[in-house]
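Hello,

Here is the structure I promised to pass on to you. Have a look at it first, and then read my notes below.

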Amino acid sequence: MMRTIEILFVIIIILGAAVIASLYAFLPQPQQVSPINLQRLALTTLEMLDSDHSLSQTAFAAVNDPSWSQLQTALSASLPPNIVYNLTVYDASAGGTQLYNIINSISNAQSMGISSDVATYLVASSNATFNSTPQKIGANGAGGTLYILNCSDSNGWWITGYTAQTLAQDLYNLLFPYFQVTIMVQNTTQFGQILNGTKISTSPFENVTNAVVVNTNGEAVPMPQSYNTTGYDSGNSSYAKYSYLLGKATAQYNWTWVSIVGYPLYYVSNTGLFPNNQNGWGIYGMMEVGASGLNAFFEGLNNQSYVYNPTWITGDSTSDPGLASVYLSSDAQNNCNYYGIYPSQYQTATRALPVSILSMYNLTVTSYILQEVDNAWLPGAFYKHAGAGALLALGLARTPDIRLTALGLLCGFKPRLFPSQYGATGTSRLVVLQLSEVGGV
Amino acid sequence: MAGATIDHIFAIIVFLATLLLFVGLFNQTIQTAILYQSHRNLATECSDLLDSMLLNPGTPLDSATTTFWGMTNCTPTTFGLQDPEFVQYELSPFSLMRLDYSSASPLYYNMTNMYYSNLTVGPGKSLLVPFNEVVNYSTAAQLLGVNGTYGFSLTLNPIMTVSLSPSSFNPLSLTVNVTGNGYPIADANVSYCLINVTGQATYPSYAITSGTGLTNSQGQAFLSFPGFNAAQNSYAVVAYVSSSGLYGTGNYEHNLYNNNYPVPLIADFGNGSLLFANSADVYGGTSPAIAYNATFVLLAQDFNLRELPLTNVTGNISPGTYSNVVIPTNNTGILVVTYEKDQNDSGIVLMPWGVSSLSFPVVFGPNPLAQNWVTTDTRLVTVSSVSYQAKLALWSLQGYQVVS
């Protein structure tokens with residue numbers, strides 16, 4: 001009898017343990033077992049309703065505007081029938097004690113149930129203009145002068161479809177906000193002046209030293225008449241020595257020399273000096289230098305003695321099939337968004353420079369505009385010399401996209417953009433969409 | 001002594017029975033908890049899988065060099081449906097065209113000796129893609145990494161339902177009904193075009209009349225075409241509707257003759273080439289030769305319909321022959337093929353170039369109805385500006401370990 005009583009006690013204890021354990025074994029609500037991702041659904045709903053900026057317009061419309069009822073209809077039409085919603089628009093004001101003031105709220109239910117989720121979406125007024133002020137290159141240090149070769153007495157090559165002057169104007173429009181001063185070099189005489197270290201404008205910001213010089217003539221480079229003798233290598237009947245002197249000047253003044261397309265420094269151009277000479281393709285006013293021009297430039301930049309070297313060094317798709325399609329570097333793609341310049345991400349390189357120039361001439365790539373190909377070719381990059389001077393070379397096929405040049409310079413100097421109206425009042429509204437499921441499982 | 005033993009035995013039996021009951025109770029609780037966790041895990045997996053489909057364009061990706069898998073014939077190496085030129089939940093209408101829709105049985109065309117994935121939403125409205133160019137369910141499951149572990153069914157349905165019905169034939173009047181989830185959508189902008197077959201020559205010609213309208217409080221817009229006798233003409237009306245960020249499309253065709261007609265079959269996604277087959281070779285039926293005239297209309301950025309010229313747009317198709325035409329654009333639109341057997345027997349066939357242009361629905365994957373437990377998740381997406389609801393149904397293929 002005693003054992004039966006003991007056993008009854010044990011039974012009571014065990015069942016008691018089961019009951020107590022069951023009370024503490026918390027199971028989720030049926031809706032939470034297999035939930036719809038309401039946050040994502042809300043976000044995609046807001047994004048879709050704003051795909052043509054309708055949501056932004058409604059958020060800034062008067063409370064009695066018919067667009068609010070259209071928005072309510074659109075919400076009811078979009079969301080699954082078992083979803084209830086509450087959409088509230090807040091004015092994101094900067095002043096006052098309350099940061100967010102309710103503008104309007106629409107809903108299809110009195111209560112949002114036991115659990116809900118929200119997504120938020122910031123919309124901007126179509127009347128607001130968000131400005132940004134670029135940091136000026138050289139504002140806190142040396143440089144800040146941009147020279148664009150816009151020489152009326154020289155012709156261009158591999159800029160087919162454009163003239164050097166139109167490219168110069170486009171480049172001016174793209175880059176002048178980023179430099180202390182942007183100067184159009186109107187003729188080869190002015191170019192000769194800056195090669196001698198003389199300023200050509202009255203701007204107090206002009207500084208020949210540390211300047212950026214963009215050659216908009218493509219594969220040709222303007223040559224001042226004064227260099228007709230000193231830039232001529234009579235032994236080899238070549239103007240490669242002029243390119244050598246350009247390289248020396250680049251190092252002397254710590255310039256950044258910019259070649260926008262093709263084989264850099266392949267021709268020299270001066271319509272006064274070479275009125276009867278053409279480049280073999282019917283463009284008069286220029287003389288072919290060939291591959292020796294770039295080699296001589298590097299020799300000058302690297303402070304070597306001048307040696308005539310006509311060796312062709314660039315590569316194209318026959319050298320490496322990978323050059324047939326080259327891509328913007330991740331840094332350049334990122335800067336496309338930052339600076340709002342969007343050239344095509346895919347280009348064709350026919351004059352890519354070899355990686356071997358880096359060790360040969362003490363160069364370092366500080367910024368890749370286009371991705372390196374097979375660790376051997378550089379279709380577009382910003383090179384800095386170990387001493388002084390830099391080169392931005394885009395070895396792409398004609399016709400040039402001048403936006404790439406602008407992007408390349410911005411990648412190289414990375415000026416910051418300071419947004420000026422982020423704190424403006426009344427230009428942003430916050431839309432909050434709260435969703436909840438109705439019905440059980 | 002015997003009484004004590006019986007007492008002892010009775011006590012042990014009762015104790016063991018209680019212990020079993022206790023274990024059973026705990027087992028039930030633990031089993032339920034594990035099932036709940038499995039279902040919740042499935043819901044999380046469903047949300048992740050849906051996002052990975054909708055927020056990833058897949059590879060090959062390079063649309064500039066026409067190697068984007070949605071616009072070529074290649075098999076993707078990673079699966080995704082996002083439009084590579086956009087961000088967020090904007091899907092490629094061409095990637096969706098390359099999916100093998102499971103809802104219809106395939107069609108065989110003996111002239112090419114190939115089977116075609118068959119998405120037909122009505123007479124003369126079909127999208128037929130050769131099987132060697134579609135991405136089937138098992139390939140997609142493998143690329144998504146769920147082959148053998150989860151089954152899924154992806155459904156995309158247009159949010160707006162735009163239906164057109166004639167209210168009078170001479171002159172033609174049409175009523176456009178615009179709804180979403182059953183709600184009438186008032187004050188919606190309607191942009192429409194009437195394509196009228198005017199077959200009086202060797203090949204049928206056509207005339208396009210465009211216009212705009214607005215829906216009333218019942219979500220209805222009334223389109224009228226004075227002087228157009230619908231009873232004596234073949235025609236199609238395509239309408240695009242927009243309201244508060246939602247976009248939808250609908251269409252209506254009227255054919256005087258549809259015993260046989262040209263059937264557009266996709267030949268090559270890469271270059272946009274199509275075949276026009278005689279319907280007798282595809283669906284059977286009578287087999288006279290038919291003359292056709294094709295054009296392409298696309299939805300411009302201002303949501304008006306624009307005509308895009310094609311080359312080799314006229315011809316004759318006898319049974320046992322077919323013609324070729326190339327759509328020279330990567331924009332979505334509608335291929336409109338007018339046809340005639342003779343001057344009194346004409347008709348019109350529509351084919352979407354990009355599923356969104358005719359609001360074709362998409363169902364990709366097996367039917368989930370027979371599965372033990374199915375979880376779903378939903379996103380709202382746009383496909384070439386047309387609003388769709390994307391729903392993924394997901395289920396486990398490995399069973400639930402706590403139940404046999």
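**The four-stranded sheet in chain B**

Let me start with chain B, where four strands form an open sheet in the order β10-β9-β12-β13, with antiparallel pairing. The edges are taken by β10 (205–214) and β13 (246–254) of chain B; each has a single partner strand, so one side of each is left without a neighbour in the sheet. Direction ignored, neighbouring strands of this sheet are turned by 15° against each other on average. Please keep in mind throughout that this is a predicted model.

Strand β9 of chain B covers residues 189–198 and is joined to strand β12 (residues 235–243) of chain B by eight bridges, the two running antiparallel. If you want to find this pairing on screen, look for Y192(B), which stands opposite A239(B) in β12(B), or for C193(B), whose bridge partner in β12(B) is V238(B). With β10(B), β9(B) pairs in the antiparallel sense over ten bridges. One pair to look for there is T198(B) with its bridge partner S205(B) in β10(B). Is β9(B) mostly covered or mostly open? It is mostly covered, with eight of its ten residues buried.

In a regular strand, side chains alternate between the two faces of the sheet.

**How far to trust it**

The model scores ipTM 0.88 and pTM 0.70. For chain B, the average pLDDT is 86, and 93% of the residues score at least 70.

**Chain A: the overall picture**

Chain A has 441 residues, of which 43% count as buried. Its secondary structure comes to 13 helices and 20 strands. Among the contacts in chain A with a separation of 6 or more, 72% are between residues 24 or more positions apart.

**Strand β17 and helix α10 of chain A**

Strand β17 of chain A (residues 380–385) is a good place to begin. Five of its six residues are buried, so to speak of a mostly covered strand is fair. Which strands does β17(A) pair with? One is strand β15 (residues 363–368) of chain A, paired with β17(A) in the antiparallel sense over five bridges; in that pairing V365(A) has Y383(A) of β17(A) as its bridge partner. Another is strand β18 (residues 390–394) of chain A, which runs antiparallel to β17(A) and is joined to it by five bridges. Here A381(A) stands opposite A393(A) in β18(A). β17(A) and β18(A) form a hairpin with four residues between them, and G389(A) in the turn has a positive phi of about 95°.

β17(A) also turns up in the surroundings of helix α10 of chain A: what covers the buried residues of α10(A) includes α9 (240–252), α12 (356–360) and β17 of chain A. How many of the ten residues of α10(A) are buried? Ten of its ten, over residues 292–301. Among them are S292(A), N295(A), F298(A) and E299(A). After α10(A) comes N303(A), with a positive phi near 60°.

**Two helices that cross**

Helix α11 (residues 330–339) and helix α13 (residues 402–413) of chain A pack at an angle of about 100°, and their axes are 10 Å apart. That angle makes α11(A) roughly perpendicular to α13(A). On the α11(A) side, D331(A), A332(A), N335(A), C336(A) and Y339(A) meet L407(A), L410(A) and C411(A) of α13(A). The residues of this contact of α11(A) with α13(A) divide into six nonpolar, one polar and one charged.

**Where the chains meet**

The contact takes 46 residues from chain A and 43 residues from chain B. On the side of chain A that touches chain B, the elements giving two or more residues are α1 (2–24), α3 (38–49), α4 (54–59) and α5 (66–78) of chain A. The largest share, ten residues, comes from α1(A). That side of chain A divides into 25 nonpolar, 16 polar and five charged residues.

**One last residue**

Back in chain B, D48(B) lies in helix α1 (residues 2–54). Why does D48(B) count as partly exposed? It has 13 C-beta neighbours inside 10 Å, and a residue is buried only from 20 and exposed at 12 or fewer. D48(B) and D377(B) are 329 residues apart along the chain, yet their C-alpha atoms are separated by 9.6 Å.

Enjoy exploring it!

Definitions and conventions:
Residues are numbered from 1 along each chain as its sequence is written. Chains are lettered from A and ligands numbered from 1 in the order in which they are written. This is a predicted model: local features need pLDDT of at least 70, side-chain atom pairs count only at pLDDT 80 or more; totals for chains, interfaces and linings use all residues. pLDDT is the predictor's confidence in each residue, from 0 to 100. Two strands pair if DSSP finds at least two bridges between them. Two residues are in contact if their C-beta atoms, placed from the backbone, lie within 7 Å. Axes are lines fitted to C-alpha atoms, for helices over the stretch in contact, and angles run from 0 to 180 degrees between N-to-C directions. Angles under 35 degrees count as roughly parallel, over 145 as roughly antiparallel, 65 to 115 as roughly perpendicular and the rest as oblique. Ala, Val, Leu, Ile, Met, Phe, Trp, Tyr, Cys and Pro count as nonpolar, Asp, Glu, Lys and Arg as charged, and the others, Gly among them, as polar.
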